[in-house]
Amino acid sequence: MYFDTHAHYDDERFDTDRDAVLGALPRAGVSLVLNPGCDVASSRTAVELARRYAHVYAAVGLHPENCGGCTEEDFAAVRAFCAEEKVVAVGEIGLDYYWEENPPREFQREVFVRQIELALELDLPVIVHDRDAHGDCFEIVSRYPALRGVFHCFSGSPELAQELLKRGWYLGFDGPVTFKNAKKAPEVIALCPMDRLLLETDSPYLAPVPFRGERNDSTKLPWIAEKIAALKGCSVQDVAEASMENGRRLFRI
């Protein structure tokens, strides 16, 4: 059985069949799903889905692409959501320097730090989004030795991976590890201990080969696990079991 530790079933691409997809996952071998929010509205939906489905858990937070114009009321809403029984992390939070039209970088950093400090106050792990912002993300999380969590869809260098692993972080691996142009992923996966890797889909995005370009969902996890197993010289079951155990440990499920 699989644990998809990062899937956005609140996304509009699931509006027509969300309940059917989520309801069928346990029969398809996916026994747990963690749905992170990206703003107040999606965090609220993530909480509602967690209430509705026994196998769904939620994270809540303000994504760097969505944090522009956020208010004190938004931060208060995220804090309030964290009191929900099945909210197990603060996320998806972090930095995204890829798009020029994203909120100003300094503001992204301020929002990231505030949410890290909330997670520490509430003793929750964080789910970090790091896109083209490796140096600043690492510098910020390194200020907080007690912080724990996962670098979602890890895209950094093997050297960055080693530094994060030394500090107790987990690394999330998604569909891009199956892409032909995945240059750094094989080395990162090879050095990542089995007790620090997490399987993610980032549904509806980042579908693995041979589904690239299609809407992604949690039933695609075996293709990611198969690639990781081949790189680590172990079985797909070993990868699935390790990710399940790691996800339960990190998110206290």
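Visitor: Why is L206 counted as partly exposed?

Guide: The model is a predicted one, and in it L206 has a relative accessibility of 30%. Buried requires under 20% and exposed requires over 50%; 30% lies in between, so L206 counts as partly exposed.

Visitor: Where does L206 lie, and what is notable about its phi?

Guide: L206 belongs to the loop between strand 8 and helix 8. Its phi is positive, at about 55°, although L206 is not a glycine. C153, in the loop between strand 6 and helix 6, is also not a glycine and has a positive phi of about 45°.

Visitor: Which peptide bond involving P210 is cis?

Guide: The bond that joins V209 and P210 is cis, with omega about 15°. P210 is found in the loop between strand 8 and helix 8. A cis peptide bond also runs from G91 to E92, with omega near 20°, and E92 has its place in strand 4.

Visitor: Why is N246 called buried, and R248 partly exposed?

Guide: N246 has a relative accessibility of 1%; the limit for buried is under 20%, so N246 counts as buried. R248 has 36%, which falls between 20% and 50%, and therefore R248 counts as partly exposed. N246 is found in helix 9, and R248 is found in helix 9 as well.

Visitor: What do N246 and R248 contact, leaving aside neighbours within four places in sequence?

Guide: N246 is in contact with Y170, M194, D195, R196, L197 and L198. R248 is in contact with F3, L32 and I253. The C-alpha atoms of R248 and S203 are separated by 20 Å, with these positions 45 residues apart along the chain.

Visitor: Which strands does helix 9 lie across?

Guide: Helix 9, residues 236-251, lies across strand 1, strand 2, strand 4, strand 5, strand 6, strand 7 and strand 8, and runs at about 100° to strand 8. Helix 5 lies across strand 4, strand 5 and strand 6, at about 150° to strand 5.

Visitor: What makes strand 1 and strand 8 edge strands?

Guide: The sheet is open and has eight strands in the order 1-2-3-4-5-6-7-8, with parallel pairing. Strand 1 and strand 8 each pair on one side only, and these are the edge strands. From one strand to the next the twist averages 25°.

Visitor: How do you know that strand 7 pairs with strand 6 and with strand 8?

Guide: Pairing requires at least two bridges. Strand 6 and strand 7 have two, in the parallel sense, so the condition is met. Strand 7 and strand 8 have three, also in the parallel sense, and therefore they pair too. The bridge partner of V150 in strand 7 is Y170, while G172 stands opposite L198 in strand 8. Elsewhere, strand 3 and strand 4 pair over three bridges in the parallel sense, with A59 opposite A89 in strand 4.

Visitor: What is the handedness of the unit made by strand 6, helix 6 and strand 7?

Guide: Those elements make a right-handed β-α-β unit. The chain then crosses from strand 7 through helix 7 to strand 8, and this β-α-β crossover is right-handed.

Visitor: Which way do the residues of strand 7 point?

Guide: Y170 and G172 point one way, L171 and F173 point the other way, and all are buried. In a regular strand, side chains alternate between the two faces of the sheet.

Visitor: Why are the buried residues of helix 3 said to be on the same side?

Guide: The buried residues of helix 3 are F75, A77, V78 and F81. They cover an arc of only 155° around the axis, and this puts them on the same side of helix 3. What covers them includes helix 2, strand 3, strand 4 and helix 4.

Visitor: Which residues touch the most other members of the largest nonpolar core?

Guide: This core has 71 residues, and Y9, F112, F151, L164, L171 and F173 touch the most other members. Helix 4 gives the most to this core, with six residues. A second, separate core of 14 residues includes V88, Y170, L198 and M244. Nonpolar side chains in soluble globular proteins tend to be buried together.

Visitor: What is F173 in contact with, leaving aside its neighbours within four places in sequence?

Guide: Its contacts are V188, I189, C192, L197, L198, L199, E200, I224 and I228.

Definitions and conventions:
Residues are numbered from 1 along each chain as its sequence is written. This is a predicted model: local features need pLDDT of at least 70, side-chain atom pairs count only at pLDDT 80 or more; totals for chains, interfaces and linings use all residues. Side-chain values use heavy atoms; hydrogens and water are left out. Buried means under 20% relative accessible area, exposed over 50%, partly exposed in between (1.4 Å probe, protein chains only). Helices (H or I, at least four residues) and strands (E, at least two) are DSSP runs, numbered from the N terminus. A crossover is right-handed if, with the strands pointing away from the viewer, the path from the first strand over the helix to the second runs clockwise. The arc is that of the directions from the helix axis to the C-beta atoms. Contact means heavy atoms within 4.5 Å. A nonpolar core is a set of buried Ala, Val, Leu, Ile, Met, Phe, Trp, Tyr and Cys residues joined through side-chain atoms within 4.5 Å. Axes are lines fitted to C-alpha atoms, for helices over the stretch in contact, and angles run from 0 to 180 degrees between N-to-C directions.
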